[in-house]
Amino acid sequence: MDKFEIIKKYLLTEKSTRAKDEENKYLFEVDRRANKIEIRQAVEELLKAQVTEVRVMNVLGKTRRFGKATGKTKPWKKAVVTLSPGSAIEIFKGV
């Protein structure tokens, strides 16, 4: 799998901002087929940061109503990446 396809987007929420500031953890939406080793390598190569731990979780799709019809959102995978002390991702300095 290509390292550019693994990380889809950075999750910008109140919880992710607090985790980034207090615990040096970053949350990403990643490809569902990616494993921890591939996520670690992608973050280290693309974002130039030293990773100490990667945790992943599968987020199930929610049931949504659109008038009379019901549908379901797509399931996705979330990765919580912990960086080593003193390491940071420069893109998110002001966020």
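These are legends for a few views of one protein, shown as a predicted model.

**View A. The whole fold, from end to end.** Here you're looking at a protein with three helices and six strands. Start at the N terminus and walk along: the elements come in the order α-β-α-β-α-β-β-β-β. So much for the order; as for dimensions, the C-alpha trace covers about 50 × 30 × 20 Å along its principal axes.

**View B. The S4–S5 hairpin.** Zoom in on strand S4, residues 63–66, and strand S5, residues 69–72. The two pair up in the antiparallel sense, with four bridges between them. If you want a spot to get your bearings, find Arg64, which sits opposite Gly71 in S5. Just two residues separate the strands of this hairpin. Look for Gly67 in the turn, where phi is positive at about 70°.

**View C. Inside and between.** This one is about packing and contacts. Of the 95 residues in the protein, 35% are buried. Now take the contacts with a separation of 6 or more: 56% of them link residues 24 or more positions apart.

**View D. The surface and its charges.** The accessible surface adds up to about 6600 Å², and carbon and sulfur atoms contribute 50% of that. Turn to the charged side chains and you'll count 22 positive ones and 13 negative ones. How far apart do the centres of the two sets lie? The answer is 10 Å.

Definitions and conventions. Residues are numbered from 1 along each chain as its sequence is written. This is a predicted model: local features need pLDDT of at least 70, side-chain atom pairs count only at pLDDT 80 or more; totals for chains, interfaces and linings use all residues. Side-chain values use heavy atoms; hydrogens and water are left out. Two strands pair if DSSP finds at least two bridges between them. Buried means under 20% relative accessible area, exposed over 50%, partly exposed in between (1.4 Å probe, protein chains only). Contact means heavy atoms within 4.5 Å. Accessible areas come from the Shrake-Rupley method with a 1.4 Å probe; for residues, only the protein chains shown count as cover. Lys and Arg count as positive and Asp and Glu as negative; His and the chain ends are not counted. The place of a charge is taken as NZ of Lys, CZ of Arg, CG of Asp or CD of Glu.
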